[in-house]
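Dear colleague,

I am handing over the structure we spoke about, and you will find the sequence and the coordinates just below. My notes on it follow, and I would be glad if you read them with the model open.

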Amino acid sequence: MATQHPGTALVTGASSGIGAIYADRLARRGYDLILVARNRARLDELAARISDETGRSVEVVTADLGQDADVRRVADILKTDHSITTLVNNAGVGATAPALQSDIDAMEAMIGLNVTALTRLTYAALPGFVARGQGLIVNISSIGAIAPEVLNGVYGGTKAFVLALTQSLHKELAGTGVNVQAVLPGATATEFWNAAGTPIEHLPSGIVMKATDMVDAALAGLDQGELVTIPSLPDVADWEAYENARHALMPNLSRSLPAARYTNGDLT
Ligand SMILES: NC(=O)c1ccc[n+]([C@@H]2O[C@H](COP(=O)([O-])OP(=O)(O)OC[C@H]3O[C@@H](n4cnc5c(N)ncnc54)[C@H](OP(=O)(O)O)[C@@H]3O)[C@@H](O)[C@H]2O)c1
């Protein structure tokens with residue numbers, strides 16, 4: 001029986017690592033692709049291989065998502081190409097140095113790519129997805145989102161933004177037919193670590209996942225309908241307990257009076 005064509009997936013940061021594997025896996029699931037990154041030669045090579053192996057149409061868009069004009073150009077594609085049903089917000093950079101050893105310009109550039117570009121692309125895709133009653137946004141966050149003490153704090157902050165945005169969108173988009181997923185990889189064997197300042201060989205091998213395993217697990221989580229996927233977490237009940245604890249705070253996060261421990265019991 002013929003299955004319905006799933007449409008086109010636009011994958012940012014598709015020239016290497018996690019994004020390149022998403023591109024491969026999504027093509028094997030029947031998607032046509034638009035691959036976005038700066039390195040044209042790598043994108044072309046990947047596009048040729050994927051279209052040879054899968055027969056899918058693969059378009060390449062060279063863009064520096066740290067540059068506003070390029071982000072807007074990709075946003076326009078998301079707004080106008082109605083074949084796009086899926087956006088994988090994967091392009092991102094990291095850092096491992098602590099604040100006092102970090103360059104503020106590099107931190108600001110990281111926020112620009114990991115947060116600002118991702119937000120503009122998400123906002124570009126959403127109205128069309130909602131109008132057409134279907135769509136998927138996969139946002140690549142990081143375990144740094146919930147463990148900001150582990151790496152550079154600005155990196156963790158950018159990934160916490162990605163997680164929070166995804167959780168908020170999940171609530172806002174209920175009933176629209178549009179799905180979102182946040183993926184929180186732990187250390188994954190890609191070029192990320194060289195650029196971030198700590199070669200992957202410096203990490204204990206027991207905490208490093210193969211990028212193919214990471215993406216396949218994230219897609220399995222997607223298939224299971226997960227909003228948040230932590231590929232390495234053995235027991236999903238641990239994440240559920242964390243989320244339940246967060247939700248239990250909610251009724252008390254905004255009240256007319258300060259808590260008694262801040263008032264010496266004097267609330268007059
Ligand atoms: N590896 C890990 O341990 C790990 C863990 C948690 C989360 N993540 C997240 O996973 C995502 C992918 O990283 P990765 O591990 O696959 O690293 P990677 O192999 O270095 O891939 C990063 C991708 O982003 C693209 N990119 C970087 N700067 C860009 C820019 N200014 N404009 C457009 N594209 C840009 C790169 O392509 P060009 O250089 O060609 O532009 C490349 O395709 C990132 O968001 C990262 O934060 C990674």
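Please keep in mind throughout that this is a predicted model. I begin with Leu227, which lies in the loop between α7 (211–223) and β9 (228–229). Is this residue buried, partly exposed or exposed? Leu227 counts as partly exposed because it has 17 C-beta neighbours inside 10 Å, whereas 20 or more would be needed for a residue to be called buried. Leaving aside the neighbours within four places in sequence, Leu227 is in contact with Gln167, His170, Val180, Gln181 and Ala182. Val178 is 49 residues away from Leu227 in sequence, and the two are 12 Å apart in space, C-alpha to C-alpha.

The strands come next. Strand β2 (residues 32–37) is mostly covered, with 6 of its 6 residues buried, and this holds for both of its faces: Asp32, Ile34 and Val36 are buried on one side, and Leu33, Leu35 and Ala37 on the other. Strand β1 (residues 8–12) pairs with β2 in the parallel sense over 5 bridges, and the chain passes from β1 through α1 to β2 in a right-handed β-α-β crossover. On its other pairing, β2 runs parallel to strand β3 (residues 58–62), again over 5 bridges, and β2, helix α2 (residues 40–54) and β3 form a right-handed β-α-β unit.

Leu33 links these descriptions, since Ala9 stands opposite Leu33 and Leu33 in turn stands opposite Val58 in β3. Not counting residues up to four places away in sequence, the residues that Leu33 touches include Ala9, Val11, Ala23, Ile50 and Val58.

Leu33 is also among the residues with the most contacts inside the largest nonpolar core, together with Val11, Ala14, Ala23, Leu35 and Ala125. This core has 63 residues, and its largest share, 9 residues, comes from helix α4 (residues 104–132). In soluble globular proteins, nonpolar side chains tend to be buried together.

Finally, which residues come nearest to the ligand? Of the 30 residues around the ligand, they are Gly13, Gly17, Arg38, Asn39 and Gly92. The elements giving two or more residues to this shell are α1 (17–28) and α6 (192–196), and the largest share, 3 residues, comes from α1. By residue class, the shell divides into 13 nonpolar, 13 polar and 4 charged residues.

With best regards

Conventions
Residues are numbered from 1 along each chain as its sequence is written. This is a predicted model: local features need pLDDT of at least 70, side-chain atom pairs count only at pLDDT 80 or more; totals for chains, interfaces and linings use all residues. A residue is near a molecule or strand if its C-beta atom, placed from the backbone, lies within 6 Å of it. Helices (H or I, at least four residues) and strands (E, at least two) are DSSP runs, numbered from the N terminus. Ala, Val, Leu, Ile, Met, Phe, Trp, Tyr, Cys and Pro count as nonpolar, Asp, Glu, Lys and Arg as charged, and the others, Gly among them, as polar. A nonpolar core is a set of buried Ala, Val, Leu, Ile, Met, Phe, Trp, Tyr and Cys residues joined through C-beta atoms within 7 Å. A residue is buried if 20 or more other C-beta atoms lie within 10 Å of its own, exposed if 12 or fewer, and partly exposed in between; C-beta atoms are placed from the backbone. Two residues are in contact if their C-beta atoms, placed from the backbone, lie within 7 Å. Two strands pair if DSSP finds at least two bridges between them. A crossover is right-handed if, with the strands pointing away from the viewer, the path from the first strand over the helix to the second runs clockwise.
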